[in-house]
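Hello,

Here is the structure I promised to pass on to you. Please have it open while you read, and start wherever you like.

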Amino acid sequence: MSIITITSFLYIAALAAFVIMLLSRKSLILLFARALFLASVASHGILMLILSINLHEVPLSSVPQAINMMIFISSLAFIPIVLSRKTYLLGVFFLPFASFALLWVLPDIGLSAPATFRFHTYWYPLHTLSVITGEAMFVVAAVTSIVYLVHEHIIRKGDFHSSVSSSLPALTLLDRILYISVLVGFLAITSGMIMGTLWAQSKGLHLSKIMPKIIAGGIVWIIFAVCLHQRFAIGWKGRRTAIVTLIGFSLMIVLLFLINMLFPHAHGLGLLL
Amino acid sequence: MIRIECISINYRHVPVDILERVRIPPEAVVPMLPPGSEAYTLNTCNRAEIYWTGMEKQGVFNMVSGLIGVAPGYLDRISVHLRGEDSVRHLFRVASGLDSMVLGEPQILGQVKDAYKAALDEHMVSIIFNKLLHRAFRTAKRIRTETAIGKFPVSVASEAVELACHVFDEIQGSQVLVIGAGEMATIAAKRLKDRGVSRISILNRTFGRAKELAVELGGMALSFSELHEAVRTSDIIITSTGSQEPIITKDMMSEIMKERHYSPVVMIDIALPRDVEPDVSKVYNCYLYDLDSLKKVVSVNFTQRENEIEKAEEIIEYEVGVFSRWLKGLNAHGTIRDLYNLMEYYISEQLEEKAALVGEKEKAILEDALRSMAKRLFNRPVSFMKRYPKLDYIEHTRRIFRLDEDYQDRHKRQQAGTSAGRDSNKLDEKYRGKS
């Protein structure tokens with residue numbers, strides 16, 4: 001059994017365990033679900049390591065590899081959340097997304113694929129890692145936003161006696177997680193964009209070649225910048241931040257696929273081909 | 001014939017903000033009590049009442065109108081005058097929380113007890129009112145233990161706290177503001193205090209009342225002029241004033257939320273009519289719950305409310321009946337009659353027990369012997385009472401022979417082994433122990 005299969009199986013098993021825990025409310029099952037989640041992240045880490053050794057580089061040379069890295073980083077970010085007594089339920093909302101995305105990309109990540117590209121500068125891996133870390137933090141923010149909106153809806157309806165709603169984190173706590181993840185994600189994306197520019201300059205690339213990606217990245221950056229600005233300046237908290245985060249995240253995903261579909265050579269390695 | 005009467009000035013007829021200033025202090029009533037009369041006054045933020053016996057209605061009306069500073073004619077319009085069983089029933093309903101603004105709230109029983117202690121200190125109460133008040137306590141306790149009425153206000157307060165916990169992660173660090181010193185708000189504030197909230201402010205139109213509650217909750221009293229600032233700095237607001245108009249409007253809250261950078265605020269409005277405009281819930285990050293929305297939440301656990309009220313009313317009727325029988329029997333003639341009834345009850349009980357062991361002839365002899373012995377035994381208290389028909393002696397005789405217990409009913413309950421029977425026994429023991 002390959003490490004890809006084991007990792008996929010562990011993520012799905014962790015998801016199933018969380019769902020069973022949600023229905024049964026047994027602390028033993030929660031313990032088991034947490035253990036499975038930790039095991040799946042550990043297995044994912046081993047997979048990344050094997051992949052790096054096989055490719056002799058950080059596995060970021062294709063879209064599936066980039067998505068795989070994004071899920072891995074967001075899983076790492078979710079470890080303290082899942083282990084916390086107050087926030088573990090967020091794992092239930094994260095795991096379907098992580099499991100689905102992994103099942104989709106894992107077959108194509110090319111475990112033994114030959115190295116296609118050697119980095120000539122440090123800027124490229126730093127840029128890519130930084131951007132993917134930012135995107136991973138936006139995954140955390142998006143999941144938290146969904147939970148926030150669901151919980152707020154339940155509170156406004158006054159229907160908070162169900163087993164699910166009674167275990168949901170308080171709104172202020174969700175808002176704090178949301179704020180931290182958006183802030184970290186925004187800083188990572190910003191530094192990633194700066195490093196990307198430096199890499200493009202070092203390679204002597206023309207701006208016209210990377211314009212679609214610049215525009216797409218710029219749109220997402222502006223949305224999150226507005227979100228943070230409004231929070232600092234006016235005091236946007238809670239629902240508005242959650243809605244803007246979801247808009248920004250959805251746009252980020254759509255643009256990621258759109259850019260790669262419409263302009264396959266407009267970014268990253270394609271520029272050098 | 002002994003008759004208990006009552007004048008009640010309560011929230012049904014007078015706005016609560018005016019009512020808060022109406023008091024019938026027991027110490028002011030004492031000098032006006034004629035010898036042989038009894039009186040009991042109850043003052044809460046929702047009512048000012050006086051119960052009495054041995055005085056003329058007009059005299060009490062003049063006294064009360066003088067005390068609260070209104071003309072007797074006006075007092076007549078804003079108050080309710082009850083007599084006899086109606087006044088007893090009213091007191092039992094009040095003590096049980098059935099006459100409260102929030103049905104079944106438990107704090108009123110403590111207030112009724114405190115008022116009784118004050119009346120005892122002032123020597124305003126004697127045999128009749130001692131019995132009346134103890135019956136009222138017993139009725140309230142029975143309703144609390146035998147029905148789910150008492151769960152309702154506690155549930156409302158708990159739900160309010162639960163709601164706040166869903167919004168705030170660290171509820172202990174939240175600033176709580178209680179507007180109005182109403183019973184429900186106090187219960188909710190106490191619940192929050194139990195959950196570790198230490199920063200509680202109380203804002204009331206009557207500053208003195210706010211100070212009293214602040215001492216009780218370990219909080220800080222604020223005057224009504226500080227409303228805007230108090231709302232701005234609070235995370236959880238519980239409001240239950242008697243104001244006829246909303247005291248917190250949407251415009252006011254919109255402005256305040258801007259000032260507080262839209263930090264979430266939970267507002268629990270348990271006032272009737274509302275203290276907070278319903279549109280406030282549309283202001284960003286304002287979570288507003290009024291009594292209706294809380295009742296909906298509570299109703300999940302409290303669906304049989306109507307049945308519970310019916311049960312509570314039955315208990316009250318039963319206890320009113322017991323007290324009325326006692327009151328009617330509180331004269332030499334009635335007590336002597338009850339003594340003979342008790343005697344007959346014991347004789348028939350003995351005959352019933354021995355019926356299987358003896359024949360008809362022996363049964364007649366046994367009955368004669370028992371009756372003769374009992375008559376000789378009962379003759380002494382009977383002749384004493386005839387010679388000294390004082391209330392004290394009559395009351396003591398009734399207690400010694402437990403004439404006010406409903407033997408048949410008691411027997412049945414003991415046989416059934418119901419908790420009501422056990423509670424009733426415990427209370428009786430307690431009562432007897434105290435007396």
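Below is what I found, going from chain B to the contact between the chains and then to a helix of chain A.

Please keep in mind that this is a predicted model.

**Chain B as a whole**

Chain B contains 19 helices and 10 strands. Of its 435 residues, 42% are buried. If you take the contacts in chain B with a separation of 6 or more, 72% of them come from residues 24 or more positions apart.

**The two sheets of chain B**

One open sheet is built from four strands of chain B, in the order S2-S3-S1-S4, and its pairing is antiparallel. At its edges you will find strand S2 (38-44) and strand S4 (80-83) of chain B, each of which pairs on one side only. From one strand to the next, the twist averages 15°. Inside this sheet, strand S1 (residues 5-10) and strand S3 (residues 47-53) of chain B are joined in the antiparallel sense by six bridges. A good place to look is Cys6(B), which stands opposite Tyr51(B) in S3(B).

The other open sheet has six strands of chain B, ordered S7-S6-S5-S8-S9-S10, with parallel pairing. Strand S7 (220-223) and strand S10 (286-290) of chain B each have a single partner strand, so one side of each has no neighbour in the sheet. Here the twist averages 20° from one strand to the next. Strand S8 (residues 236-239) and strand S9 (residues 265-269) of chain B run parallel and are linked by four bridges. In this pair, Ile236(B) stands opposite Val266(B) in S9(B).

**Where the chains touch**

How many residues of chain B are in contact with chain A? There are 17, and they meet 12 residues of chain A. On the chain B side, helix H8 (151-167) and helix H13 (291-298) each supply at least two residues. H8(B) gives the most, with five residues. By class, the side of chain B that touches chain A has nine nonpolar, five polar and three charged residues.

**A helix in chain A**

Last, have a look at helix H3 (residues 63-83) of chain A. Its 21 residues should span 30 Å at 1.5 Å a residue, and the end C-alpha atoms are indeed 30 Å apart, so the two agree. H3(A) also has a kink of about 30° at Ala77(A), shortly before the proline Pro80(A). Because 15 of the 21 residues of H3(A) are buried, the helix is largely enclosed by the rest of the structure.

Happy exploring, and best wishes!

Definitions and conventions:
Residues are numbered from 1 along each chain as its sequence is written. Chains are lettered from A and ligands numbered from 1 in the order in which they are written. This is a predicted model: local features need pLDDT of at least 70, side-chain atom pairs count only at pLDDT 80 or more; totals for chains, interfaces and linings use all residues. Two strands pair if DSSP finds at least two bridges between them. Axes are lines fitted to C-alpha atoms, for helices over the stretch in contact, and angles run from 0 to 180 degrees between N-to-C directions. The expected span of a helix is 1.5 Å times one less than its number of residues. The bend at a residue is the angle between axes fitted to the seven residues ending there and the seven starting there. A residue is buried if 20 or more other C-beta atoms lie within 10 Å of its own, exposed if 12 or fewer, and partly exposed in between; C-beta atoms are placed from the backbone. Two residues are in contact if their C-beta atoms, placed from the backbone, lie within 7 Å. Ala, Val, Leu, Ile, Met, Phe, Trp, Tyr, Cys and Pro count as nonpolar, Asp, Glu, Lys and Arg as charged, and the others, Gly among them, as polar.
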